[in-house]
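Grab a pencil and work through the exercises below with the model open beside you. Try each task before you read its solution.

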Amino acid sequence: MEEERTKDNKEKPAAAHPEAGGVTATVVVDEGKHDTPAPAGDKEKHAKTQEERDAEDLRTFKNVIKAEAHEGDSQASQNLSLKKILGGDILNTSFIRNQIGVFLLITVFLVIYIANRYNVQQNLIKIDKLRNELQDVKYKALSSSSELTEKSRESNVLNQLQNNKDSVLKIPNQPPYIIVVPNE
């Protein structure tokens, strides 16, 4: 009876639904043509075997679908076009799904790279600002030093002493004496 059943079963390919992402499967159809009728007294047994056959058909159908169902990845990679790339069909391929960790790692590195570049640009702006400030301070220190040197010259000091009537200091007419102290 099992041989008759396998003769009557026909494998029919299931039509791939356009939105199913290229999933194909083979469906086993039992047309129910059995030459041996069940005896009259065995109706319960026949009904039970019919239920068992239906359950077995369902299990085999599930197993066939699990075994035969696959995505058409090889066709997608061979017929690669701009429309499929822009439409997102390339993301359905198993290669892309297997490499998702690499893509995430690349994304993390890109974020780190962009953040680092931003930080470096901010530091360069700060360095340029501090360099300009340092140059301004150097110029102010140089101008203050030159003013101090100008004011502390002997000629300027003498002019200020002469202009200031309150001062009792005068320019000496004789050179200074050197006093030598003998060592004892």
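**Exercise 1: the salt bridge**

Task: count the salt bridges in this predicted model and say which side chains take part.

Solution. Start with the count: the rule gives 1 salt bridge, where the rule asks for a side-chain nitrogen of Lys or Arg within 4 Å of a carboxyl oxygen of Asp or Glu. Next, find the partners: the side chains of Glu-150 and Arg-153 meet at 3.5 Å, N to O. Side chains of opposite charge can pair when their charged atoms come close. Now check the surroundings. Glu-150 counts as partly exposed because its relative accessibility is 37%, and Arg-153 is partly exposed too, with a relative accessible area of 46%. (Buried means under 20% relative accessible area, exposed over 50%, and partly exposed in between, using a 1.4 Å probe and protein chains only.)

A note on the ground rules: residues are numbered from 1 along each chain as its sequence is written, and side-chain values use heavy atoms, with hydrogens and water left out. Since the model is predicted, local features need pLDDT of at least 70 and side-chain atom pairs count only at pLDDT 80 or more, while totals for chains, interfaces and linings use all residues.

**Exercise 2: a nonpolar patch**

Task: find which residues form a nonpolar patch on the surface, then place Leu-110.

Solution. First list the members: Ile-100, Val-102, Phe-103, Leu-104, Ile-106, Leu-110, Tyr-113 and Ile-114. Together they have about 780 Å² of accessible area, by the Shrake-Rupley method with a 1.4 Å probe, where for residues only the protein chains shown count as cover. Patch residues need over 30% relative accessible area and no salt bridge; like charges are joined within 9 Å, nonpolar side chains (Val, Leu, Ile, Met, Phe, Trp, Tyr) within 5 Å. Then zoom in: Leu-110 lies in helix α6, residues 100–151. Leu-110 counts as partly exposed because its relative accessibility is 48%.

**Exercise 3: how far to trust it**

Task: say where confidence is lowest and where it is highest.

Solution. Begin with the average: the protein's pLDDT (the predictor's confidence in each residue, from 0 to 100) is 75, and 67% of the residues score at least 70. Now go by element: helix α1 (residues 2–8) is lowest at a mean of 46, and α6 is highest at 96. Helices (H or I, at least four residues) and strands (E, at least two) are DSSP runs, numbered from the N terminus. Finally, mark the weak stretch: over residues 1–29 the pLDDT is below 50. Where pLDDT is low, the predicted coordinates should not be read in detail.

Notes:
Contact = heavy atoms within 4.5 Å.
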